[in-house]
Every structure is written in C-alpha cells, then in structure tokens.
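Reader: I would like a close look at a single part of this protein, namely the sheet and the charged pairs that involve its strands. Please take it step by step, and say how each assignment of burial is reached.

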Amino acid sequence: SLSLLCVLLTCAFSAVSQAEVFVASDVFGLEYAADPQISPDGKSIVYVRRSMDIMTDRARSNLWMVDTDGSDHRAIASSTASFSSPRWAPDGKRLAYVSSHEGSVQIYLRWMDTGQVARLTDLTASPSSLSWSRIWSDVAQSF
C-alpha cells in the first residue's frame with residue numbers, strides 16, 4: 001500500500017514537471033464561444049467567436065453559425081472589425097447584430113437567405129442590449 005502510494009506520487013510529480021507552463025502570449029491561441037442564439041425554428045445557432053489578434057493586440061469578435069446537429073459550421077461575419085450581439089428576427093429570416101465594420105459601432109441587419117447586409121443606424125454612442133420588438137420587426141420587414 002505504501003509502495004503504491006510512492007509510485008503514484010512519483011508519477012504525479014513527474015507529470016507536473018513535464019507540463020507546459022501557461023505564458024501571457026498563449027492567450028493569442030485561445031478562442032471561445034459566447035452569446036449563443038438559437039434560431040426560432042431550432043435548426044441553427046449563431047454565436048460570437050472571440051479571440052485575440054496578435055498583430056493588433058486586441059480582442060476580436062466574429063459571428064459564426066452552426067446547425068444544431070453540429071454540421072455546416074461557418075463564419076457569417078468575420079474580419080478585423082468587431083461583430084457582436086446577434087439576435088434572430090422572430091421569423092428567423094434576418095439577424096440583427098452590432099458591428100464596428102464601417103468605423104463606429106452600429107446596428108446591422110443580415111438577410112439569412114441571401115447574406116445581404118444593411119446598416120440600420122448612424123449612432124453617436126455604441127448600441128447595446130439588442131432585442132427584437134414587434135414594432136422593430138415590422139419596420140425591418142420593410143427593408
């Protein structure tokens with residue numbers, strides 16, 4: 001019993017000594033998903049994929065989409081600009097989101113069938129807490 005404990009402790013210390021140490025620059029290799037939004041029909045999920053850009057030393061947020069069965073995983077809004085706060089229209093045909101794509105942070109609307117995008121706002125302050133209202137849904141259908 002004592003010899004088994006000594007073997008286990010030796011193996012544990014050996015594993016710790018061989019483990020890599022996390023350093024500050026490792027953050028540039030990390031990516032994570034945030035703010036998942038399930039489509040109204042339950043077939044797709046849009047989420048914010050966050051990472052760090054080593055060239056600019058800034059955070060990046062892009063929009064990605066995946067079917068709920070795990071297939072068809074793809075970027076739908078990706079560049080050096082920031083994309084966040086995706087929100088499905090109640091009918092599932094459009095997606096509103098916030099982006100700094102054209103400089104200042106504005107609200108955009110993407111038609112999911114064609115991929116066309118329209119800028120909806122010209123705000124002086126960054127928008128936050130997007131949600132669809134019945135009125136906004138009716139207005140957005142007219143675009």
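Author: What follows begins with the chain as a whole and then turns to the sheet and its salt bridges. The model is a predicted one, and its protein chain has two helices and eight strands, which run α-β-β-β-β-β-β-β-β-α from the N terminus on. Of the 143 residues in the protein chain, 31% are buried.

The part in question is an open sheet of four strands, ordered β5-β6-β7-β8 and paired in antiparallel fashion. Because β5 (83-88) and β8 (117-119) stand at the edges with a single partner strand each, one side of each is left without a neighbour in the sheet. On average, and with direction ignored, neighbouring strands of this sheet are turned by 25° against each other. Between β5 and strand β6 (residues 94-99), which run antiparallel, there are four bridges; Trp-88, for its part, has Leu-95 in β6 as its bridge partner.

The charged pairs may be taken next, beginning with the one that involves β5. By the rule applied here, the count comes to five salt bridges, and one of them joins the side chains of Asp-35 and Arg-87, with a distance of 3.0 Å from N to O. Since Asp-35 lies in strand β1 and Arg-87 in strand β5, this pair ties together parts that are 52 residues apart in sequence. Asp-35 has a relative accessibility of 25% and therefore counts as partly exposed, whereas Arg-87, at 19%, counts as buried, because the cut-off for buried is under 20%.

At the other edge, Arg-119 forms a salt bridge with Glu-102, in which the closest N and O atoms are 2.8 Å apart. Arg-119 lies in strand β8 and Glu-102 in the loop between β6 and β7 (106-111), so the pair ties together parts that are 17 residues apart in sequence. Arg-119 also forms a salt bridge with Asp-122, where the closest N and O atoms are 2.9 Å apart, and Glu-102, Arg-119 and Asp-122 are thus linked in a network of salt bridges. Within this network, Arg-119 counts as partly exposed because its relative accessibility is 32%, and Glu-102 is likewise partly exposed, at 48%. Asp-122, by contrast, has a relative accessibility of 64% and so counts as exposed, the cut-off for exposed being over 50%.

How values were computed:
Residues numbered from 1 in each chain as written. Predicted model: local features only at pLDDT ≥ 70, side-chain atom pairs only at ≥ 80, totals over all residues. Heavy atoms only, no water. Pairing = 2+ DSSP bridges. Axes fitted to C-alpha atoms, helices over the stretch in contact; angles between N-to-C directions. Buried < 20%, exposed > 50% of the residue type's maximum accessible area, 1.4 Å probe, protein only. Salt bridge = Lys/Arg side-chain N within 4 Å of Asp/Glu carboxyl O.
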